[in-house]
Amino acid sequence: MTAGRIVGTSVPRMEGRDKVTGKSRYVDDMELPGMLYGATVRSRVARGRIKKIHFGGEIDWHEFVVVSAKDIPGKNCIALIEDDQPCLADGVVNHPEEAVLLIAHANRHALPKAVEAVAIEYQELPAIFSIEESESAAEIICGRDNIFKSYLIEKGQVDSVWERADFIVEGEYRTGAQEQLYIENNGMIAEFDGQRGLTVWGSLQCPFYVHKALVKLSGLDAERVRVVQMETGGAFGGKEEYPSMIAGHAALLAMKSGKPVKMIYDRMEDMTATTKRHPSRTRHRTAVTKEGKILGGEIDFTIDGGAYATLSSVVLSRGTIHAGGAYYWPNVRIRAKAVATNAPPHGAFRGFGAPQSLFALERQMERIAQVVGLAPEEVRRRNLLRAGQDTTTGQVVREKIDLEKLLERALELSEYRAKKARFARTNRGSKRKKGIGLASFLHGAGFTGSGERYLSSVVAAEARGDGKVRVLVSSAEFGQGTNTILCQVAAEALGVRYEDVEIAQPDTQEVPNSGPTVASRTAMIVGQLVTAAAQGVKRTLVRNGSLGEHYTADEFREACRRYVAEHGVFRSLARYEPPGNVVWDDKTYRGSAYAAFAWAVYVAEVTVDLTTYSVTVDDFVAVQEVGKVLHPVLAKGQITGGVAQAIGFALYEKVIWEKGRMQNGQMTNYIMPTSSDLPPIRVYFEELGNEHGAFGAKGIGELPMDGPAPAVVNAIENALGMPFDSIPLLPEDIFRALAEHENEVTAAGSSRGK
Amino acid sequence: MRANPAEYELVAPGTLSAVLTLLAEEPGGWLPIAGGTDVMVQYAAGKLAARRLVSIWNLEELRQIEVSGDEVRIGAGCTYTDLREHAVVSREFSLLASTARWTGGIANQNRGTLGGNIVNASPAADSLPALLAYDADLLLVSARGERRLPYGTFHLDYRKTLLSPDELIRAICLKRRFSGYYAHARKVGARTAQAISKVCLAALGKIASGVMADVRLAVGSVAPVPLRLSATERRVNGKRIDGALLKSAKEWASTEIRPIDDIRSTAEYRAAVTGNLVAEFLERLAETEAAR
Amino acid sequence: MRDSEHQHGKRDISFQVNGRSVTVHAHAMERLLDVLRHELGLTGTKEGCGEGECGSCSVLLDGVLVNSCLVPVMQAQGSEVRTIESLSASGRLHALQQAFLECGGAQCGICTPGMILAACQLLDKNPRPNIDEIREWLSGNLCRCTGYTQILEAVEEAARRGATG
């Protein structure tokens, strides 16, 4: 099927007009008659047994609905992968801000004081707060060894490479927690009545995740639980699993009170109590030849999962599989684990483990370049995967990708070589040092391995009475353009106008389960199913004789209208079929991890101001091969937005922890970039098509999160001649490193003088 | 939003004298609120101790900028936007105009007032060092009358000022004698815009007969109060600006301040950057002078 | 002279909203943001942070951009308030809204009302801003989705088309 009329053009965003006029309805814009407001009483200690709960006498508690673990009709857990995370703490807390009680009142202003008036007495238990503390097993907080999950990937004969190596390069790299910082805080409204059951409306990415969790929590039958996604003001993974928790809370209050309940977090609660990106520590040991070719290596990848398992096993999986990046490793051993600490559980955030392991890898490549004495781009060129070679998991690269050419294009567009030479000259004696750095990387689209098979997504296209076709998916729009691209592919597949297609609001009672809106899977996997379902509608009309093989858009509308008038509204379904050539072994963790990869080379140009030690990114070039650009404006927006978040990850966004609690849970103190902090981000696409995705599209949502941080830190190293192996990299860190270096130089000088 | 509006009272008498009468009747009983860019943040966080507030927003008597032959009087109720847009302030008091531009985004500049910032007395406030550099005077007013005092004496300790419970700041007075000075202000925050400063410098100076004459170095965020680096100034005055002086000035400045580690930054960073900013100022002043 | 009551009464506060006179019965310290959203049903103005940092709550108060989460409704007495809803009251989109649609200036949409109003006030003051002026002017409105590139392009485009506030 060829695109061109609609797919590949920048049609108006489906819900765009409502967004620019302020008409879009987010959960806090909705009110129900008789609605109460809910709030959460949370733990103030990192780990402990609850001894006593005292309700302060200054509050008239009769006015409040109060819910505790005892009120949970079903199972006290937020069902996800494991069932280890309680919905409400029952006797024991394992992290600061863990939910203990829920309260509701008709006047939302009465809540904060009431929350403060609940005094919980704990018998505190020893708590752990770092990867190292968790590993030491001095205190076991989970299982037998504090380990949620571990993986081992082995390829070739890594133990044999060391003696053959000309150089052995080692490095340790760390990344910190990062807050998703969607501008719309988490929120839910829940309503329960004996007849219809439980309904929740909210800000969320995965309606059926919430549905599954509520069924288990409420003890209700699946048909009596309904989840509706409202317009969602940003998510980035932060609303993948957490909404099940807040939905559960609102639901419990609604079930106990018999009234609708709204829960909207304020910024501080959202920042301190909900998920963040997993902090990581990666250790590399790589054997290389004097030509700079990787013979093999060992990679040790550890992430901090916080207090409960939640999604850590999957974040770990993706981070592990991406740990070898876009290079050819003839031999490798990757040991990976997710460990428990007493922090609020860490969770999904764009990139999902890959930004962590790719940061380490792209810094390690820089180190290798220095040790071997090659330019960073040259080391990459010599090791980039070529079509026909296989990845660390043994996946053969069948795509016709030429990474060398992609690299060269990025270097040209960024004027990398000329600038590097120029900066080397102009930096001498300057207080503003400039640097340029790059990263080459990849991102797998769709669920890992057999994940898509397990999800078994279903999509429907429905012929309507007015002749339009409605797309029915559980894929949530939260700014990335889901509504728009799915309607584009449907319209293109049907041969009708973009205006002739519409998309249903994700409502678990209305739409089939097309899987969660995560893992950069929507364009590729769901999009492909949408084209199939749309074609199914066409086939029905053609078979029925209402439509010839060739027709105009108007003829389609008319045929559809008449068919529906006669036979009623009908749906065509499409179910995911795993492609035969993507085979994965969960036990050995080998095979084809993803149906497709997007590939990228990013270049960052920075200035380091030695008066203030601050770094500004002056120019950023993002080149990527993505299969097919379904919508140029939306696709560009995904890249610029992801790059901006990743620059924040590298330079600005630090979570300040004290005993497992975030101390800087305000926008004043958790620093994300403003418009004044970012250059125009220059975006370039290549499109080689792809057999699996809609019109050849591959996923792009998370790709831009993987490369900028190491590109920026590589640029800083180029500017200063000093390595930095930990992010976020703040001016204070740069100052400290420069000061220490100066001390060493002075000390060496003075000892030499003796 | 962690406060209950029902527990708060806000009155707006509408004139300066009516406000002052109220403050005199119950000194300390009413918290003045101008643009609210500080007070409302505390309020929303549930951390505002005061329960009764009196609005001084947009009081005509406080929102004038009067220019006379030798002085500019800036009404305490003037917003940062008012300062930025005023021709004489921009031309003759560029430190104030610059720092006004850095005080939050446009929306907060449209509401934040100079008087409010002074009374809020955050050591990190961006424009307060500029007032110190200009040797500003404050006009304080109450039902009892008016008094004028040097701004330099106003801050006693961390968020403690000389303001009496029944007083307001009426105006900030700046002498028009700085046109011949080289002015340089720089703020260092966690990001380029909309950031609380980690260190900020407002500096003035001029060269006479080849040596520094009347240097003024005022800094914020490196002590419990905005600070004039008087000791450093004394040592810099009368000297030729050369490499040795820059090195020494860095040392003097970074040891004259009392920075702390806090949620935003570290004491050692602040000390080093303060020294760097002072050296940068001196260097630029010397370059400008040499270019003459 | 009032004594320190535990609860203070609501009062009538009158002002103009989007060209219409309104009177709300509210506590003086109710935030203008909440009055707009809950009393007046104008939910286009959003809360993102409650601390005047993100700009999602921006409205025009007597023609200037302010963060409505920091304005006690009493201080709006007698003033003119304009919210996002005023821009397309006629049914036609304002040039800025059109440009945002075409250039990808709105992704999730939550920062968009405040961002558009901020751009509105900019073009009102300066109909031909350069890119640096736009960037600085919008630095008090945070966007997490776009990285700002397409927002700046949208404002430039609107200015090119002769849009004013």
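Two strands count as paired here if DSSP finds at least two bridges between them. That rule is needed at the first stop. The model is predicted, and its overall scores are ipTM 0.97 and pTM 0.98.

**Stop 1: a strand with two partners**

Select residues 458-463 of chain A, which form strand S17. Add residues 469-472 of chain A, strand S18: S17(A) and S18(A) pair in the antiparallel sense over four bridges. To see one of these bridges, pick Ala461(A), whose partner in S18(A) is Val471(A).

Between S17(A) and S18(A) the hairpin has five residues. Click on Gly467(A) in this hairpin, where phi is positive, near 90°.

Now add residues 570-575 of chain A, strand S20, which pairs with S17(A) in the antiparallel sense over six bridges. Here Ala460(A) can serve as the example, with Leu573(A) as its bridge partner in S20(A).

Is S17(A) largely enclosed or largely open? Five of its six residues are buried, so the rest of the structure largely encloses S17(A).

**Stop 2: the core around Ala490(A)**

Stay in chain A and select Ala490(A). Leaving aside neighbours within four places in sequence, Ala490(A) is in contact with Ala461(A), Val469(A), Val471(A), Val501(A), Val530(A) and Ala534(A). Ala461(A) and Val471(A) are the bridge partners from the previous stop.

Ala490(A) belongs to the largest nonpolar core, which has 405 residues. Which residues of this core touch the most other members? They are Val200(A), Ala250(A), Ala251(A), Ala490(A), Val530(A) and Val712(A). In soluble globular proteins, nonpolar side chains tend to be buried together.

**Stop 3: the domains of chain A**

Colour chain A by domain, using 16-24 + 451-575 for domain 1, 31-125 + 181-273 for domain 2 and 280-448 + 588-737 for domain 3. Then keep domain 2 and domain 3 of chain A in view; their C-alpha centres lie 36 Å apart.

Where they meet, 23 residues of domain 2 of chain A are in contact with 25 residues of domain 3 of chain A. Select residues 267-273 of chain A, helix H6, to find the largest share of the domain 2 side, five residues. By class, the domain 2 side has 10 nonpolar, six polar and seven charged residues.

**Stop 4: an exposed loop residue**

Select Asp159(A), in the loop between strand S7 (147-155) and strand S8 (167-175) of chain A. Asp159(A) counts as exposed because 11 C-beta neighbours lie inside 10 Å, and the cut-off for exposed is 12 or fewer. For a distance to display, draw a line from Asp159(A) to Thr392(A): C-alpha to C-alpha, 15 Å lie between them, with 233 residues of separation in sequence.

**Stop 5: from chain A to chain C**

Show chain C beside chain A. Their contact takes 40 residues from chain C and 42 residues from chain A. On the chain C side, select helix H2 (95-103), helix H3 (112-125), helix H4 (131-137) and helix H5 (149-160), the elements that give two or more residues. The largest share, four residues, comes from H2(C). In this side of chain C there are 18 nonpolar, 16 polar and six charged residues.

**Stop 6: inside chain C**

Hide chain A and split chain C into domain 1 (11-85) and domain 2 (95-160). Taken over C-alpha atoms, the centres of domain 1 and domain 2 of chain C are separated by 21 Å. How many residues of each domain are in contact with the other? The count is 15 residues of domain 1 of chain C and 11 residues of domain 2 of chain C.

On the domain 1 side, select strand S3 (58-61) and strand S4 (64-67) of chain C, each of which supplies at least two residues. S3(C) gives the largest share, three residues. The domain 1 side divides into seven nonpolar, six polar and two charged residues.

Next, colour chain C by pLDDT. The average is 94, and 95% of the residues score at least 70. Residues 1-6 of chain C stay under 50, and the model has four contacts beyond four places in sequence for them.

**Stop 7: from chain C to chain B**

Finally, show chain B. The contact between chain B and chain C takes 26 residues from chain B and 32 residues from chain C. In chain B, select strand S1 (9-11), helix H2 (39-44) and helix H6 (106-109); each supplies at least two residues of the side that touches chain C. That side of chain B consists of 13 nonpolar, eight polar and five charged residues.

Technical notes: Residues are numbered from 1 along each chain as its sequence is written. Chains are lettered from A and ligands numbered from 1 in the order in which they are written. This is a predicted model: local features need pLDDT of at least 70, side-chain atom pairs count only at pLDDT 80 or more; totals for chains, interfaces and linings use all residues. Two residues are in contact if their C-beta atoms, placed from the backbone, lie within 7 Å. Ala, Val, Leu, Ile, Met, Phe, Trp, Tyr, Cys and Pro count as nonpolar, Asp, Glu, Lys and Arg as charged, and the others, Gly among them, as polar. Domain bounds come from an automatic or database domain assignment. pLDDT is the predictor's confidence in each residue, from 0 to 100. A nonpolar core is a set of buried Ala, Val, Leu, Ile, Met, Phe, Trp, Tyr and Cys residues joined through C-beta atoms within 7 Å. A residue is buried if 20 or more other C-beta atoms lie within 10 Å of its own, exposed if 12 or fewer, and partly exposed in between; C-beta atoms are placed from the backbone.
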